[in-house]
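Visitor: I should like to be guided through a structure, one question at a time.
Guide: Certainly; please look at what is shown here.

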Amino acid sequence: MTDPNRRTLLLAGVGASTALIGGAVWWRSRNAGSGPSVGSASAERSLADTEKSSAEAEPTEAEPTVANLRIPGREGLLAEFKLGAEPLLLRANEAAFALFSGAATPLWHYAADVAGVAMANPLLSIMRGQTLHVRLHNALGEDTTIHWHGMHIDEANDGSGLHPVAPGDERVYQFEVRNRAGLYLYHAHPHGRTGMQFQRGLASALLVLDDEEIALRQRLDLPWGERDIPLLIADKQIGADNAIQYEIGADDWIGNRVLINWTPEPVLDVVPGLYRFRLANVANARMFRPAFLHRGEPLPMTLIGSDGGLLAKPWPVDDLFLAPAQRLDVLVDFSELEPGDEVMLHSLDYVAMENEDEATFQPNLMRHHPGAAPMGSAIDLMQIRVVATGDGARVHSPPLPPTLSSLPPLPDTGAWPLRPFVLRLDDAGRWLINDWNMHLNGHAPMFEVKRGAREVWEIRNSMASMPHPIHVHGIQFRVVRRTLSPPDIRGRAVAGDGLGPTDLGLLDTVVIWPGETVAIALDFAQPYRGPQRYMLHCHNLEHEDMGMMVTFAVVD
Ligand code: C2O
Ligand code: CU
Ligand code: CU
């Protein structure tokens, strides 16, 4: 029997290792010394791997699928919708979508119908300063919400589990968008069931625009939807019936298939030119380490933005860590490649640092995930094929400006009060934040912050732990320093205090690696009145649902 509030006891996992098979469906693990081999025909690979894995949980009639990446369009799944003055009605419900060959896949999703155009999980866009006005109708059989992940927001609109919407009920979310331009998320957030609802499909993206962003777009001349493309990356555990599997109470929910923008194992044709990709991790638990491999070598990328929008300056990088809920904005230059060349958006292998087995607890990860690559394994995410432009020319882009945005430098936080946090696993297999766990301590605030206060939160992860993507509701923060970081992270430092390129912008989610201490700076200036309760939690959604979440309040 699985206790939904605790991590699985090692002794309960006898026989688990037999499930650690290497037969990933589409990807191949490349850490066995065979070296990267990018560019083999995707169709061949899909066929071979499908045959190999057909004895597992895969549909027997599966054909090689080479699907073009879904780009947000006018209708259907991930349609793009520009929010205006009219409220948008989103109905949380279930319907089947043809995602894989064979049977359609039931998805829980946000459905919209505007003037006869049906959309599912629309990518919403809005200008900063405008009022977002969305009405949620819950047509599911259980409580749900819409949480506006990353937004500066008041409690009533935050959509956390404190304000569930019952089946058949409605709730209006209406707030002024105060965030900088960037790609944010919206997703279901009911207490104890976020992982399940998110995995079944209740998650999408909110694109915020502002003048700075529009000026950069014009300058770089990268048309949105053509050479500026959002990539919402998830892994899902898909069964023989093509349905999404989920079991409440199981640990870290990783999956056997990769979907980007709801396209399994996608292919993207690019012209020889500059591209902008908005990478978003919409997986429950898996951290990716994206790189664009050409002939086995990473193509240089330029990091230009993070969760909360553009960085001040561009940074060259080869690969990046992208943890659940994080977003990264990168430029990749294909202009030196030739038509016919192939590139693989690949998640490089990394040391997963799942150290908590030292404390005699070990997630029996593979039991529920036949065919899934273990955490930290190399995974192919998307095949990219270079094709000629109509006239055979290369597309030249103007040089990147040395300053991307007006993001101010990190403030001097020396005099800001320090609030310490410790992340750890207790002897009963519960993840704790300062010895609190939502299931033990309930929803009363663990602490209060004065409105207008500026604080440094120093978050230490114990050594016998695993990486935790820690997320704060209602605010964007800055990273001040990283100490005692593992070598993979220390080696990425480009600034003082151990900060890597992805630490230099505004964030709402930050990874704390085992043994590491990360200090973040938060400014609680906000225009709301009265106490506002928010969540601080791990965005590994199984950790969140197991109670690795606390409430805090901003008060006058
Ligand atoms: Cu994206 Cu509290 O979560
Ligand atoms: Cu959030
Ligand atoms: Cu966690």
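Guide: A nonpolar core is a set of buried Ala, Val, Leu, Ile, Met, Phe, Trp, Tyr and Cys residues joined through side-chain atoms within 4.5 Å; buried means under 20% relative accessible area, exposed over 50% and partly exposed in between, with a 1.4 Å probe and protein chains only. The model is predicted: local features need pLDDT of at least 70, side-chain atom pairs count only at pLDDT 80 or more, and totals for chains, interfaces and linings use all residues. Residues are numbered from 1 along each chain as its sequence is written, chains are lettered from A and ligands numbered from 1 in the order in which they are written, and side-chain values use heavy atoms, without hydrogens and water.

Visitor: Which residues touch the most other members of the largest nonpolar core?
Guide: This core has 69 residues. Those that touch the most other members are W148, L206, W457, I520, L536 and F552.

Visitor: Which residues coordinate the copper ion (ligand 2)?
Guide: Donors are N, O and S atoms within 2.8 Å of the metal (3.2 Å for Na, K and Ca); water is not among the atoms, so the site may look incomplete. Two NE2 atoms serve here, at 1.8 to 1.9 Å. They belong to H147 and H471.

Visitor: Is H471 buried or exposed?
Guide: The relative accessibility of H471 is 0%. Because this value is under the 20% limit, H471 counts as buried.

Visitor: What is the phi of N261?
Guide: Most residues other than glycine have a negative phi. N261 is not a glycine, yet its phi is positive, at about 50 degrees.
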